[in-house]
Amino acid sequence: MATRPDYPMLARQLDATLDTRDWLTNASQTAAFINMTVDNLNWAGFYVQRLPGTLHLGPFQGQPACHPIPFSKGVCGAAATQRTTQRIADVYEFPGHIACDAASRSELVVPVIVTQGEQEVLWGVLDLDSPSPERFDAEDQAGIERLVEIFIASSDFNTVPD
Ligand code: SME
């Protein structure tokens with residue numbers, strides 16, 4: 001059984017860790033930080049919208065992964081298209097799940113939405129995989145969403161216009 005991280009403390013620690021405005025450095029640090037501090041994960045990282053409607057692999061921790069992912073595919077595509085967090089208790093139950101690592105059983109994908117002038121742009125997604133079914137509950141979702149907010153607030157983004 002996974003031990004629950006102290007998410008408020010992780011938020012303060014990540015905020016202190018992200019000591020630059022550069023999104024690439026901060027995405028790399030954030031993926032490593034989450035992989036180090038949140039247990040029972042087999043993949044933690046970002047996919048970035050570098051072409052309209054397509055997610056390209058960004059900084060991550062874990063096994064080599066599938067890419068690119070069109071918005072129409074997988075849990076990542078669903079998070080990007082619906083702009084809502086996807087908390088999947090069992091990926092075998094998710095139609096169209098993309099199995100980059102056969103060991104993955106549950107998944108949490110948080111959209112990264114950044115303000116660009118007047119626009120709210122879908123910059124990419126943070127994807128977490130676990131080898132255990134039902135790894136993520138509502139408190140995990142809220143804690144990870146808060147870490148994404150800190151990543152966004154700490155970074156300057158050059159994005160692809162929608
Ligand atoms: N499983 C994801 C694809 C990315 S891997 O998990 C790293 C999906 O269904 O979108």
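How do the residues of the shell around the ligand divide into nonpolar, polar and charged? Select them and color by type: eight are nonpolar, two are polar and three are charged. For this split, Ala, Val, Leu, Ile, Met, Phe, Trp, Tyr, Cys and Pro count as nonpolar, Asp, Glu, Lys and Arg as charged, and the others, Gly among them, as polar.

A word on the model before we go on. This is a predicted model, in which local features need pLDDT of at least 70 and side-chain atom pairs count only at pLDDT 80 or more, while totals for chains, interfaces and linings use all residues. Residues are numbered from 1 along each chain as its sequence is written, and side-chain values use heavy atoms, with hydrogens and water left out.

**Stop 1: the ligand**

Stay on the ligand and show its neighbors. There are 13 residues around it, and Val 75, Cys 76, Ile 98, Cys 100 and Asp 129 come nearest. Here a residue is near a molecule if one of its heavy atoms lies within 4 Å of it.

Now switch to ribbons. Strand 1 (43-51), helix 3 (74-82) and strand 6 (119-130) each give the shell at least two residues. Helix 3 has the largest share, with three residues. Helices (H or I, at least four residues) and strands (E, at least two) are DSSP runs, numbered from the N terminus.

Next, turn on distances for the polar contacts. A polar contact is a pair of N or O atoms within 3.5 Å; within protein, one must be able to donate a hydrogen and the other to accept it, and residues adjacent in sequence count only if both atoms are side-chain atoms. Pick Val 75: a polar backbone atom of this residue is 3.0 Å from an oxygen atom of the ligand. Move to Cys 76, where a polar backbone atom is 2.9 Å from a ligand oxygen. Then select His 97, which has a polar side-chain atom 3.3 Å from a nitrogen atom of the ligand. Put a surface on the protein too: 99% of the 300 Å² of accessible area that the ligand has on its own is covered by the protein. Those areas come from the Shrake-Rupley method with a 1.4 Å probe; for residues, only the protein chains shown count as cover.

**Stop 2: helix 2**

Select Asn 26, which is in helix 2 (residues 23-37). Is Asn 26 buried or exposed? Asn 26 is buried, because its relative accessibility is 0% and the cut-offs are under 20% for buried, over 50% for exposed and in between for partly exposed (1.4 Å probe, protein chains only). Add Ser 154 to the selection: its backbone oxygen lies 3.2 Å from a polar side-chain atom of Asn 26.

**Stop 3: backbone oddities**

Go to Asn 40, in the loop between helix 2 and strand 1. Asn 40 is not a glycine, yet its phi is positive, about 60 degrees. At 28% relative accessibility, this residue is partly exposed.

Arg 83 is another one to click, in the loop between helix 3 and strand 4 (86-88). Its phi is also positive, at about 55 degrees, although Arg 83 is not a glycine. With a relative accessible area of 32%, Arg 83 is partly exposed.

Now look at Pro 68, in the loop between strand 2 (54-62) and strand 3 (69-70). The peptide bond that leads into it from His 67 is cis, with omega near -15 degrees.

**Stop 4: a few loops**

Pro 64 lies in the loop between strand 2 and strand 3 and is exposed, at 73% relative accessibility. Measure from its C-alpha to that of Cys 100: you should get 8.1 Å, for residues 36 apart in sequence.

Which way does Ser 104 go, buried or exposed? Find it in the loop between strand 4 and strand 5; Ser 104 is buried, with a relative accessible area of 2%.

Finish at Glu 118, in the loop between strand 5 (106-116) and strand 6. This residue is exposed, with a relative accessible area of 82%. Draw a line from its C-alpha to that of Ser 104, 14 residues away along the chain, and the separation is 38 Å. Do the same to Gln 63, 55 residues away along the chain, and the separation is 37 Å.
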